[in-house]
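This report walks through one protein chain, beginning with its overall form and then turning to a handful of individual residues. Please keep the sequence and the structure in view while reading.

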Amino acid sequence: MRLATVFRRLLCLQGVRVTDVELHPDALMIFVDVDLGRRSCVCSRCGRRARVGAYDSKVRLWRHLDLGPWELYLRGRQRRFHCRRCQAVVTEALPWADTGAAFTREFEDTVAYFAQQTNASVVSRTMQIAWPTVGNIVRRVVGRRGTPLAQRRLVRIGVDEISYRRHHKYLTLVADHLSGHIVWGGDGRSGATLGRFCDALGPDGRASIELVSLDMCQAYITKLRERLPHATLVFDPFHVVKLANAAVDEVRRAQVRALKGQNPARVAVKKTRWLVLKAPGNLDDEEAAKLALLAQANRPLYRAYLLKEALRDVYDGSLPRARKQLRAWLAWAARSRLPAFVKLGRTIRQYQDGILAAIEHGLSNGRLEGLNNKIRLLSHRAYGFHSADALLALVTLCCTGINPPLPADRRPRMDPRPLAFPEGGK
């Protein structure tokens with residue numbers, strides 16, 4: 001078998017013709033050519049193949065996956081030609097590398113796989129490339145292997161924000177509830193940021209969305225009602241109950257400030273911060289006894305506790321029962337004589353359609369909260385990011401379902417029968 005044929009099979013590259021091999025002290029140089037007619041060129045912009053004369057050409061090197069201790073480079077000539085469709089002089093597309101890249105696609109896919117598993121410093125040392133190059137490769141792999149937003153059909157989506165840096169630096173993330181993947185991310189947490197997502201969807205993409213889960217962020221709500229008027233907004237139950245917990249804590253602090261001395265009402269409030277936030281089923285005997293004492297000694301705080309639990313119970317029943325319970329809860333909160341719950345009641349009344357929609361459709365932002373934990377892990381692993389673009393590229397690589405293939409995945413299938421070794425061992 002010819003040496004060029006051996007290396008062509010070792011490279012596992014399609015549409016490539018190996019013409020020569022050179023062995024250097026620390027590298028292997030493989031001379032390659034496009035396995036097409038020399039007058040055939042593929043436009044890197046529109047993908048059109050044309051048999052035209054070359055405008056000019058340039059010899060280039062592309063780093064490929066290492067072969068043992070040697071770095072392996074492909075050396076070939078890349079041409080430029082005049083594309084009639086683009087009406088411009090363009091660079092020809094090559095089957096082994098993206099236009100403008102100094103690495104083969106197989107090398108970049110391997111770097112992207114390692115970037116999913118560990119930090120950029122480890123990838124840089126393992127693959128013997130510069131640290132900033134890892135980020136550039138991740139962006140190219142995401143652009144090549146990611147699914148464009150216009151090609152997705154989204155029906156149920158979730159919207160949430162996450163902080164990635166101090167001084168109020170946020171990302172807005174949109175996830176698909178059906179696939180469980182992040183489908184879009186943008187810098188900022190304003191309505192304008194979410195408007196860019198709606199623009200990227202296009203008219204058909206916006207028309208297919210039926211449900212949107214989110215917290216009660218007014219900027220998001222206003223923009224979604226403007227751009228997606230047909231979609232049903234679903235408010236996350238966790239954030240609704242979180243508001244009730246905050247109201248209970250506000251009542252507790254107000255009682256501590258209002259009561260002076262060692263009277264029974266103030267003594268009953270001491271060390272109840274976490275007690276009044278617990279569900280009744282999670283209380284042990286000592287906590288249950290302290291809660292019974294609180295019910296007798298401090299009625300306002302115990303009333304706040306009952307209001308919080310009554311709001312939690314709204315989510316445990318069917319939609320007709322929940323609608324009746326919510327109506328009764330709003331009336332109770334309005335006459336509770338607790339300013340924190342009077343204010344909360346007005347908020348709940350304003351958003352009650354979205355609260356009831358969460359019960360009707362059984363939808364929450366729990367999937368997004370789980371993805372946010374993964375994104376925080378990515379940020380901690382990299383010791384933070386200075387720019388949103390770098391983090392968004394890594395989020396797209398790790399949280400959108402991209403699976404870069406490894407070299408073993410491209411290896412041709414071998415005969416499943418075991419190899420026959422000569423006598424005397426292997």
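## Terms and numbering

Helices (H or I, at least four residues) and strands (E, at least two) are DSSP runs, numbered from the N terminus. With that rule in hand, Glu210 can be placed in the loop between helix H5 (191-208) and strand E11 (211-214).

This is a predicted model, in which local features need pLDDT of at least 70 and side-chain atom pairs count only at pLDDT 80 or more, while totals for chains, interfaces and linings use all residues. Residues are numbered from 1 along each chain as its sequence is written, and side-chain values use heavy atoms, with hydrogens and water left out.

## The chain as a whole

The secondary structure of the chain amounts to 16 helices and twelve strands. Its C-alpha trace spans about 95 × 60 × 45 Å along the principal axes. The radius of gyration, which is taken over C-alpha atoms, is 31 Å, whereas a compact globule of 426 residues would have a value near 22 Å; the rule for the globule is 2.2 Å times the number of residues to the power 0.38.

Of the 426 residues in the chain, 46% are buried, where buried means under 20% relative accessible area, exposed means over 50%, and partly exposed lies in between (1.4 Å probe, protein chains only). The accessible surface comes to about 23,500 Å², and 51% of this surface belongs to carbon and sulfur atoms; such areas come from the Shrake-Rupley method with a 1.4 Å probe, and for residues only the protein chains shown count as cover. A contact means heavy atoms within 4.5 Å, and among the contacts in the chain with a separation of 6 or more, 57% are between residues 24 or more positions apart.

The chain carries 70 positive and 39 negative side chains, and the centres of the two sets lie 4 Å apart. In this count Lys and Arg are positive and Asp and Glu negative, while His and the chain ends are not counted; the place of a charge is NZ of Lys, CZ of Arg, CG of Asp or CD of Glu.

## Buried residues in helices

Gln116 belongs to helix H2 (residues 105-117), and with a relative accessible area of 16% Gln116 is buried. A polar atom of the Gln116 side chain lies 2.9 Å from the backbone oxygen of Ile402. When neighbours within four places in sequence are left aside, Gln116 is in contact with Arg381, Leu397, Cys398, Ile402 and Pro404.

Is Val240, in helix H7 (residues 237-258), buried or exposed? Val240 counts as buried because its relative accessibility is 0%. Apart from neighbours within four places in sequence, Val240 touches Met216, Leu311, Tyr315, Ile348 and Ile355. Lys223, in helix H6 (residues 218-227), also has a low value, and at 18% relative accessibility Lys223 counts as buried. Beyond its neighbours within four places in sequence, Lys223 is in contact with Gly191, Ala192, Leu194, Gly195 and Leu228.

## Partly exposed and exposed residues

Glu210, the loop residue placed at the start, is partly exposed, with a relative accessible area of 46%. Leaving aside neighbours within four places in sequence, Glu210 is in contact with Val155, Ala231 and Thr232. Arg321, in helix H11 (residues 319-334), counts as partly exposed at 39% relative accessibility, and with the neighbours within four places in sequence set aside, Arg321 is in contact with Asp313 and Asp316.

Pro264 is found in helix H8 (residues 264-269) and counts as exposed, at 62% relative accessibility. Pro264 and Asn298 are 34 residues apart in sequence, and their C-alpha atoms are 8.1 Å apart in space.

## Two loop residues with positive phi

Most residues other than glycine have a negative phi. Gln128, which lies in the loop between helix H3 (120-127) and helix H4 (131-145), has instead a positive phi near 60°.

His167 likewise has a positive phi, of about 65°, although it is not a glycine. His167 sits in the loop between strand E8 (156-165) and strand E9 (169-176), and counts as exposed because its relative accessibility is 68%.

Definitions and conventions: Polar contact = N/O pair within 3.5 Å; in protein donor to acceptor, adjacent residues only side chain to side chain.
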